[in-house]
Amino acid sequence: MGRHADYLRTQLREGRMMIAGPVADPTGPWGLCILRVGTEAEARAVTDADPVVRSGRGFRYEVLPMMSVIM
């Protein structure tokens, strides 16, 4: 998980990630990551390269586009 966090911090520094963190869901823990990318392929490249995904331990991302954003 340390390598996962380091990877996400790198994505933040390089401008591809806006925010990430664990979600306290009563049905079980999971995390949320909001990326700033132009295409789904770019998002998948970021998520596929995450060490936690590459570990082979069953971690995965769901990539879903946001229809609009209020900032």
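1. In which strand is M18 found? M18 is found in strand β1, and this note on a predicted model begins with the overall fold before it returns to that residue and its surroundings.

2. Concerning the overall architecture, the protein has three helices and two strands, and a reader who follows the sequence from its start will meet these elements in the pattern α-β-β-α-α.

3. As for overall dimensions, the C-alpha trace spans about 30 × 25 × 20 Å along its principal axes. The radius of gyration of the protein is 12 Å, which agrees with the value near 11 Å that a compact globule would have with 71 residues.

4. Turning to burial and surface, 15% of the 71 residues of the protein count as buried. The protein exposes about 5800 Å², and 58% of this area is supplied by carbon and sulfur atoms. Among the contacts with a separation of 6 or more, 30% are accounted for by residues that lie 24 or more positions apart.

5. The two strands deserve a closer reading. Strand β1 covers residues 17-23 and strand β2 covers residues 30-35; the two run antiparallel and are joined by six bridges. Within this pairing, A20 stands opposite C33 in β2. The hairpin of β1 and β2 has six residues between the strands, and in this hairpin G28 takes a positive phi near 145°.

6. M18, in strand β1, is partly exposed, because its relative accessible area is 32%, a value between the limits of 20% for buried and 50% for exposed. When its neighbours within four places in sequence are left aside, M18 is in contact with L12, I34, R36 and M71. By way of contrast with these contacts, the C-alpha atoms of M18 and E40, which are 22 residues apart along the chain, are separated by 16 Å.

7. M18 also belongs to a nonpolar patch on the surface, which it forms with I19, M66, V69 and M71, and these residues together have about 550 Å² of accessible area. M71 thus appears twice in this account, as one of the residues in contact with M18 and as a member of the patch.

8. Another member of the patch, M66, is found in the segment after α3, the helix of residues 51-54. Is M66 buried or exposed? M66 counts as exposed because its relative accessibility is 53%, and the limit for that class is over 50%. The patch therefore includes a residue that is partly exposed, M18, together with one that counts as exposed, M66.

Technical notes
Residues numbered from 1 in each chain as written. Predicted model: local features only at pLDDT ≥ 70, side-chain atom pairs only at ≥ 80, totals over all residues. Heavy atoms only, no water. Patch = residues over 30% accessible without salt bridge, like charges linked within 9 Å, V, L, I, M, F, W, Y side chains within 5 Å. Areas by Shrake-Rupley, 256 points an atom, 1.4 Å probe, with all protein chains shown as cover. Salt bridge = Lys/Arg side-chain N within 4 Å of Asp/Glu carboxyl O. Helix = DSSP H or I, 4+ residues; strand = E, 2+ residues; numbered from the N terminus. Buried < 20%, exposed > 50% of the residue type's maximum accessible area, 1.4 Å probe, protein only. Rg over C-alpha atoms; globule rule 2.2 N^0.38 Å. Contact = heavy atoms within 4.5 Å. Pairing = 2+ DSSP bridges.
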